[in-house]
Amino acid sequence: MNFAKRSLIVGMTVVLASCGAKTDNVTPTDTQSSQSMPSDFTRLRALERPAPVPTKVESTREYHGKTLSDPYFWMKDQDYPTINDEPVLDYLKEENAYYQEFLKPHTPLVDTIFEEFKGRTDETEKSVPYISNGYEYRWYYKEGAEYRTRARKNLETGEDSVFMDVPQLVKGSEYFVIGDWSISPDNRYLAYSYDTAGDERYQVKVRDLQTGEYLPDVLNDVSGSVSFSSDGGALVYALLEKDRWHAKNIKAHTLGTDQNADRTLYTEEDDGFFIGFGRTSSKEYFVIVSSQGEIQESYVIPADLSGELTQIVPRSAGFTQTIDHAHGDFYILANDTHSNSRLVKVSDDDPSIENWVTLREGSDENYLMNMQTFDDFMVVKSRKNGFETIEVLDYPEESSTALSGHSVEFDEEIFTASIGINPEFSQDKIRLNYESMVTPSTVYDYDLGAKTLETRKVQNIPSGYDKSKYATERLMIPARDGTLIPVSIVYKKGFKKDGSQPMWLYGYGAYSSTVTPRFSTLRLSALDRGFSYAIAHVRGGSMMGYDWYLDGKLTKRENTFNDFVDVANGLVERDYVAAGNISASGRSAGGELMGAVTIQSPELWRSVNLGVPFVDVLNTMLDASLPLTPPEWKEWGNPIEDPAAYDLLQSYSPYDNITARDYPPMFVSGGLNDPRVTYWEPAKWTAKMRELKTDDNLLVMRMNMGAGHFSNSGRYGRLRDYAEEYAFMLLAHGIEE
C-alpha cells in the first residue's frame, strides 16, 4: 500500500540510477585526489551571462525564543496551492532561461546521449500476459508512442480488444499519468484515475467496455487508487481535501449516483496520518490502513462493502503490519515483537491481537518484507543480511504452527527480486520479477512442482548488450561509528582500481525505502565512458533490516549523511576513485542527502545532482499547513512543539547550513506542481547557494513548469530529461562526446 510521502521517489530514483552506452572507454585525465578545490577542479564554469539574482525580502519568525531569518521565504506563493505570484513565476522563468543558455552549446552531447538511450529502448515493447477473471491482459507500446496501450483477450471467445488506449487519452495534455485502473467483476466496466498536471490530484472516469461509452460518473479529488467492490456496484477510493493534498476519507461511490452522496467507509481525524487501502489476494476483503511513520492502524471490511469495519490493529499498539487473507484466516507480517517482523495468522472471525498465532518468529538476520497469499501456498519476500530471498511456504496443518517450504534459487548472489503480477488466487506458477546490476530486467514464471524458473521475458536492448563485459560487487565499508555500510558497485570490465577513473555515487536513505541493485540501460552510457556506478545503502533505508531504517531517522538522521560521505571516503581509500572525481546524485529525500553531503564534504564531489530535493527541511516541518508535514513529524521531528527537534533540524537542514565557501557544480531540478517537495525548496536552495558560494562553478536549476514530482510523463520526454542530467555530469568530468 503506497502512501504519499517524499519516497517514491524510489521509482524514479531507480530509473535515473539505472541507465545507457557508447562503446569507447574514455577516462578523464584530470583526476584530483587533494582535499582542497584546485582552480582547475571542474570544466563546468558559470556562464558569462550573469545568473539570476532574486530579490531578498527580510523575513523573521520566532520559535522557542530563537529567531529564524529567511530572505527567500517569499518564494512560497502565499496563495499556495494556487501559484500565481508574478515575481515567483518570473524568477523561475529566469532560472529556466539561464539553464537553457547553459544547455544550448551542449545540445550535440545531449542529442548523442538521448540517441543512445533511445537505441536501448524497445520501441514496441510488450508485457508478459497474465490471466485475471477469464481474460488475458497485456500492454504494449506502439512504435514511437510515449504511452502504453492496454489490451485483453476473452479466453472463452478468443475476442481481443483494446480496453485502455492511453496514447489516445493523452491527446491535448502536455502531462498525463494513469494513477490506477480497475475492471468490474463482471468484466464490463473500466474505472481509471488520471492526472494531467503532475499535482497528484486525480480524476476518475468509468467506461462501459461493451458500448465504449463513458458513464456519467466522474470522481474528482481522488488520491490515485481506485477499486471495484466485489459486487461491481461501487468504487472505493480515497478523497483528497479540497485545499490540501491529504486524504482524510476512504469513500465508496455507488455507480449512477452523485459523488456528493458517496458513502464514507473510514475517516481519519488526525492530520498526522496517511490513509490508504488495498484488496486481499483472496478478493474477500478490503484492508484500510492509517499510517504515521512506524505506527499503523488497520481495518478490514468485506469486499462487497457489507457490514462495518473490523479493526485488526489499533494505533495505540505502535507497530506496522502487512495483511493478506486466505481460507478464513488473515496472515500478517508484524513488527510488534521484533523490528524485522514475525509472521502470524488469525481467524477472520475474531482477528484481534490476542488471538494471533506466530508461524515464524522475528529474526535479527532475516527481514520479512512482503508476502502474498494463494490458494495452496503463500510467498514471502525477505532480505537476509542484505541479500534478497523469495520463499514459497505451505500453509500449516490445522492446529499446527509448523511451516514447510523452500527458497527460489537464482544464479546470482547480488540481485533484486520481487513478487510480480499474480491476480489469480489459484495458480500453479508464480510470476516473479528479477534483475541485477548486470542482468537486464527479467520476468520469470516459477513452476511450483518442478521448482524451476521459466523465462517469460528478458528486457530487449535493440542496440545490443553483452553482460559478460560488466562486473558487479558488494562491498562493506565502515562508517565513522564502525557500522559496516553495504555498497553495490558495477563497472565495465577493465576498470582500473587505481583511483584514475570517475565514479557516480547514488544514495537515498529515508522512509525505510531501499535503492536495490537494479539494472539500467541508461547507466551504460556512463559505464561505457569509464565510470563506475555505486549505490551507498545508507541508514534510513532498510537494506540491513528495519533497524537500519530506525538508525537513520529523527535524532539519528545524520547517520544517513555521514554514511554517504564515509562510503565515498572508503571508496577513495580502496582506490576505486580519487577524491574530487565522484559525481553524486539523489532525488527527493535523496536530494536532501545530496544537499547535506555537499555542505559536509564539498571537496569530494566533481558534480552533484539534486533531484526535486527536500533541502528546506526546517521550514517545511514548521509549516503544518503543508499536507505532508504533520504525517512526517514522526520521520523528521516536530520543531513547532519540540525545541530539541527545532535545534536538530536547524543543525543539518541543507538550506539553513549553506555558508560562504567553494562548492562543486550543481544540477538542481524541481516541478512547479510537485505536492511532495514543493517548488520553492529547489528554488530557495539555488538562490541562497548562488548568493553565498565563493567559486565560479556552474549552478543551474531546471524547473518543470507543467509537472510535479516525477517530471516528464512520456517515456521519451523522460529520456530527454535524463540525457540533460547525464550531459551535465559528463561535462563536469571533461567528457564532451
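**Sheets and helix packing in the predicted model**

Strand S7 (residues 177–183) and strand S8 (residues 189–195) pair in the antiparallel sense over 6 bridges; helices (H or I, at least four residues) and strands (E, at least two) are DSSP runs, numbered from the N terminus, and two strands pair if DSSP finds at least two bridges between them. The structure is a predicted model, in which local features need pLDDT of at least 70 and side-chain atom pairs count only at pLDDT 80 or more, while totals for chains, interfaces and linings use all residues. Residues are numbered from 1 along each chain as its sequence is written, and side-chain values use heavy atoms, with hydrogens and water left out. Within the S7 and S8 pair, Ile178 has Tyr194 of S8 as its bridge partner. The two strands form a hairpin with 5 residues between them, and Asn187 in the turn has a positive phi of about 65 degrees.

An open sheet is formed by 4 strands in the order S3-S4-S5-S6, with antiparallel pairing. Strand S3 (130–132) and strand S6 (160–165) are at the edges; each has a single partner strand, so one side of each lacks a neighbour in the sheet. On average, neighbouring strands of this sheet are turned by 30 degrees against each other, direction ignored. Axes are lines fitted to C-alpha atoms, for helices over the stretch in contact, and angles run from 0 to 180 degrees between N-to-C directions. Strand S4 (residues 135–140) pairs with S3 in the antiparallel sense over 3 bridges, and Tyr135 in S4 stands opposite Ser132.

Another open sheet has 8 strands in the order S30-S31-S33-S32-S34-S35-S36-S37, and its pairing is mixed. Its edges are strand S30 (470–478) and strand S37 (699–704), each with a single partner strand, so one side of each is left without a neighbour in the sheet. The twist from one strand to the next averages 15 degrees. S30 pairs with strand S31 (residues 484–492) in the antiparallel sense over 9 bridges, and Ala471 stands opposite Tyr491 in S31.

Helices H12 and H13 both pack on this sheet. H12 touches strand S35 (605–611), strand S36 (666–671) and S37, and its direction makes about 160 degrees with that of S37; contact means heavy atoms within 4.5 Å. H13 touches strand S32 (503–506), strand S34 (582–587), S35, S36 and S37, and its direction makes about 160 degrees with that of S35.

Glu681 lies in helix H12 (residues 680–692). This residue is buried, with a relative accessible area of 1% (buried means under 20% relative accessible area, with a 1.4 Å probe and protein chains only). Residues up to four places away in sequence not being counted, Glu681 touches Pro613, Phe614, Val615, Asp616 and Thr620.

H12 also meets helix H2 (residues 86–103): their axes come within 11 Å and cross at roughly 70 degrees. H2 and H12 are therefore roughly perpendicular to each other, a term that covers angles of 65 to 115 degrees. The contact is made by Tyr91, Leu92, Glu95 and Tyr98 of H2 and Ala683, Thr686, Ala687 and Arg690 of H12.

The axes of helix H3 (residues 107–119) and helix H13 (residues 715–732) come within 8 Å and cross at roughly 125 degrees. That angle makes H3 oblique to H13; angles under 35 degrees count as roughly parallel, over 145 as roughly antiparallel, and those outside these ranges and the perpendicular one of 65 to 115 as oblique. Among the contact residues are Phe114 and Phe117 of H3 and Tyr722 and Tyr726 of H13.

Methods:
Buried < 20%, exposed > 50% of the residue type's maximum accessible area, 1.4 Å probe, protein only.
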